[in-house]
Amino acid sequence: MRLLTLHPRSVMAIYAHPDDADVAAGGVLAQWASEGVQVHLVIVCDGAKGSHVPLTDSASLRDARREESRRAADLLGVSTSVNLNRPDGDVVNDNELRATLVGLVRTHQPDVVLGPDPTATFFAGVYVNHRDHRETGWALLDAVAPAAAMPLYYPERGPAHQVSALLLSGTHEPDVVADITRTIDTKATAVLAHVSQLAGDADEIRSVVYGRAEQAGRPIGVAYGEAFRSVELNR
Ligand SMILES: [Zn+2]
């Protein structure tokens, strides 16, 4: 395990649900945004099925989540944010999604792309990774390596762009940790902006966010961290 030392000019976070980027990478995104890095956020799903409560109205939930994610994005300081509005549970790594992601990567030209590690399915015998996370992860891998970098893939989506590095969260094979000691509080506040998703009161959620970050930071001796599996693409 090593400390993340990338110095990108521009990054893109591609996640399935409106709260995923904040939970997985809110600290490092806020850190980079505060240093003047362009942070582009891509949310694939509309969030309209993200509830365990019977009889939830999906249209109201979608509207509420749109507002929550706007507030969270403002807190992190992201430069642009887009929702692709795929229905929750229906993400498929299809040609249309790959073409859309290639277009976004070529438009914003990020040095680093962050997103979910699609190879992780089971977590500690108590959690099955959501299929939207897995499909989004595969789609972003296919879109970045190699499609966006090769001009004959989706030529109508703009000139080719080579992303330098991938950082994959929700992984069983982390190898880098971002030091988020300066931005842990911003991260926790951004997670708390997703009011519809919170199971517990603010203090409990905050202590879960801090506890996980403390655990992630421990292997490299920082107070709070976020762990990723990294892939360098431009060697
Ligand atoms: Zn999610």
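This passage walks through the empty spaces, two helices and a few single residues of a predicted model.

Residues are counted from 1 along each chain as its sequence is written, and side-chain values rest on heavy atoms, with hydrogens and water left out. As the model is predicted, local features need pLDDT of at least 70 and side-chain atom pairs count only at pLDDT 80 or more, while totals for chains, interfaces and linings use all residues.

Empty space comes first. Rolling a probe the size of a water molecule over the atoms shows where such space is left. The work is done on a 1 Å grid over the protein atoms alone: a cavity is a set of points where a 1.4 Å probe fits but cannot get out, a pocket is an open set with protein on both sides within 12 Å along at least five of seven lines, and lining residues have an atom within 4 Å of a point. Points are joined across faces, edges and corners, and a volume is the space filled by probe spheres set on the points.

The largest pocket comes out at about 2,000 Å³. It has 48 lining residues, and the closest to its centre are Val23, Ala24, Tyr127, His133 and Arg212. At least two lining residues each come from α1, α5, α6 (202–217) and β10 (225–232); helices (H or I, at least four residues) and strands (E, at least two) are DSSP runs, numbered from the N terminus. Helix α6 provides the largest share, eight residues. Sorted by class, the pocket lining has 21 nonpolar, 18 polar and nine charged residues. Here Ala, Val, Leu, Ile, Met, Phe, Trp, Tyr, Cys and Pro count as nonpolar, Asp, Glu, Lys and Arg as charged, and the others, Gly among them, as polar.

As for cavities, the whole structure has one of 30 Å³ or more, and the largest cavity holds about 30 Å³ of space. Around that cavity sit Pro18, Asp46, Arg62, Arg65, Arg66, Ser69, Asn83 and Asn85. Two or more of these lining residues come from each of α2 (58–76) and β4 (80–86), with α2 giving the most, four. The cavity lining counts one nonpolar, three polar and four charged residues.

Helix α2 deserves its own paragraph. Its 19 residues reach 26 Å from first C-alpha to last, close to the 27 Å expected at 1.5 Å a residue (the expected span is 1.5 Å times one less than the number of residues). Buried in α2 are Leu61, Arg65, Glu68, Ser69, Ala72, Ala73 and Leu76, where buried means under 20% relative accessible area, exposed over 50%, and partly exposed in between (1.4 Å probe, protein chains only). These buried residues are on the same side of α2 because they cover an arc of only 135° around the axis, the arc being that of the directions from the helix axis to the C-beta atoms. They pack against α1 (20–34), β3 (38–45) and α5 (184–192), with contact meaning heavy atoms within 4.5 Å. Just past the helix, Gly77 has a positive phi of about 85°.

Strand β3 is also home to Val39, which counts as buried at 0% relative accessibility. Beyond its neighbours within four places in sequence, Val39 is in contact with Val11, Leu29, Trp32, Ala33, Val78, Ser79 and Thr80. Arg229, in strand β10, counts as partly exposed at 22% relative accessibility. Its C-alpha atom is 9.6 Å from that of Pro116, although the two residues are 113 apart along the chain.

Helix α4 (residues 131–144) has 14 residues and spans 20 Å between its first and last C-alpha, close to the 20 Å expected at 1.5 Å a residue. Of those 14 residues, 10 are buried, so α4 is largely enclosed by the rest of the structure. Among the buried ones are Asp132, His133, Glu135 and Leu140.

A few backbone oddities round things off. A cis peptide bond, with omega about 15°, joins Ala145 and Pro146, and Pro146 sits in the loop between α4 and β8 (165–169). That loop also holds Tyr154, which has a positive phi of about 45° although it is not a glycine; Tyr154 is buried, at 14% relative accessible area. Ala124, in the loop between β6 (122–123) and β7 (127–128), has a positive phi near 50° and is exposed, at 74%.
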